[in-house]
Amino acid sequence: MPPSRTLSRLKSVDFYKKIPSDLTEATLTGAWISLAAAALITTLLILELSSFLSVRTTTELVVDRSAQNELLKVTFNVSFPALSCEFATLDVSDALGTKRMNLTKTVRKAPVDLNMDRQGAAYEDTHKHDPKYDDEDMWWDHLDLTSPVSKENFTQMLNRYPIVVVNFYAPWCHWCQRLEPAWEAATKAVHDKYPESSDGRIRFAKVDCTAEADMCRDHFITAFPSIRVFRRAHDDIYIQGHHEHEAYMGDRTKEALEAFAHSLVPSAGQPHLRHGQLKAAPRTPGCNVAGFVLVKKVPGTLHFTARAEGHSFDHAWMNMTH
């Protein structure tokens with residue numbers, strides 16, 4: 001079959017046959033419609049492009065249709081590399097002005113190291129005892145201020161005495177200044193009652209953390225004042241297989257410190273006995289905080305911070321990234 005006949009038959013199935021130009025006729029109506037269509041298309045293109053390039057901010061208010069007094073459950077699991085579990089707290093506030101401080105009922109803490117790895121079991125947080133201080137104008141006559149312990153003689157002192165109670169402080173700290181006269185008076189009274197020449201079972205000492213910053217960091221001191229108890233050169237005890245450091249959390253009056261020292265003396269040489277006024281101190285720098293809170297369905301925030309009554313914080317020693 002010749003190629004011309006093949007192409008002729010192929011053209012016969014064309015669905016879009018073209019009318020010859022000599023059979024078409026331009027009209028004025030068609031011209032107006034064409035111009036209007038072109039103008040409309042151009043206008044729509046300009047408007048769409050302008051809308052695409054412009055920036056607009058819209059606010060939409062959605063009314064909550066849930067039952068009255070129905071609360072929203074917010075769960076959290078946050079780890080901080082350098083925030084001690086001893087002082088980590090959770091606060092909640094919302095747009096209605098509601099503020100709840102230091103939530104503990106549904107919060108659990110677990111110690112973590114700098115790599116965010118857990119170093120102990122999680123435990124439920126509890127409200128802490130607010131320590132009492134002597135009056136700010138209280139001072140005792142014939143009181144000589146003891147010298148702070150340096151890094152060079154710290155280990156020597158711990159090895160020399162069965163029990164050493166150490167006050168880690170910072171001179172700029174208001175609460176350390178409140179504690180100073182009571183601590184010095186209690187130190188003199190305890191040392192007079194248990195003289196080194198005839199007894200020497202217990203000694204009081206203090207460490208200036210502005211001068212011995214590395215030593216304080218080694219003992220995970222993040223708040224001032226922090227009072228630690230060292231037995232046989234260690235501030236830790238083993239209770240039922242658990243390794244815990246000892247921190248004094250009682251009142252900070254002269255009478256309370258003296259009574260605490262007297263109650264410690266019978267345990268000299270017995271490092272595995274727990275004392276009633278001692279609490280577990282942090283043995284890692286960080287903390288994992290997990291749990292949940294029930295909040296109103298309004299804008300609000302969760303605040304993770306370090307807080308403790310009777311303590312000051314050096315936030316340069318903390319790392320709140322998470």
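## Cysteines and a buried threonine

C176 has a relative accessibility of 8%, so it counts as buried. Keep in mind that the model is predicted.

**Exercise 1.** Work out why C176 is not bonded to C173.

*Solution.* Start with the cut-off: a disulfide needs two cysteine sulfur atoms within 2.5 Å. Next, take the distance: the cysteine sulfur closest to that of C176 belongs to C173, and it's 3.1 Å away, which is too far for a bond. Now look from the other end: C173 is in no disulfide either, and its nearest cysteine sulfur is that of C176. Last, check the surroundings of C173: its relative accessible area is 0%, so C173 is buried.

**Exercise 2.** Find how many disulfides the rule gives, and which cysteines they join.

*Solution.* The same 2.5 Å cut-off does the job, and the count is 2 disulfides. One of them pairs C85 with C287, with 2.1 Å between the sulfur atoms. The other joins C209 to C216, where the S to S distance is also given as 2.1 Å. Then number the bonded cysteines along the chain and you get the pattern 1-4, 2-3.

**Exercise 3.** Assign a handedness to each disulfide from its S-S torsion.

*Solution.* Take C85 and C287 to begin with: the torsion about their S-S bond is about 105 degrees, so this disulfide is right-handed. For C209 and C216 the torsion is about -90 degrees, so that one is left-handed.

**Exercise 4.** Place C85 and C287 in the fold, and say whether the bonded cysteines are buried or exposed.

*Solution.* First, the disulfide of C85 and C287 ties together distant parts of the chain, 202 residues apart. C85 is in the loop between β1 (72-80) and β2 (88-94), while C287 is in strand β13 (residues 286-295). Second, the burial: C85 and C287 are both buried. C209 and C216 turn out to be buried as well.

**Exercise 5.** Describe the setting of T253: where is it, is it buried or exposed, and which residues does it touch beyond its sequence neighbours?

*Solution.* Begin with the location: T253 is in the loop between β11 (242-248) and α6 (254-264). Then compare its relative accessible area, 13%, with the cut-off for buried, under 20%. That value is below the cut-off, so T253 is buried, loop position or not. Finally, skip the neighbours within four places in sequence, and the contacts of T253 are K132, Y133, D134 and A182.

Notes. Residues are numbered from 1 along each chain as its sequence is written. This is a predicted model: local features need pLDDT of at least 70, side-chain atom pairs count only at pLDDT 80 or more; totals for chains, interfaces and linings use all residues. Side-chain values use heavy atoms; hydrogens and water are left out. Helices (H or I, at least four residues) and strands (E, at least two) are DSSP runs, numbered from the N terminus. Buried means under 20% relative accessible area, exposed over 50%, partly exposed in between (1.4 Å probe, protein chains only). Contact means heavy atoms within 4.5 Å.
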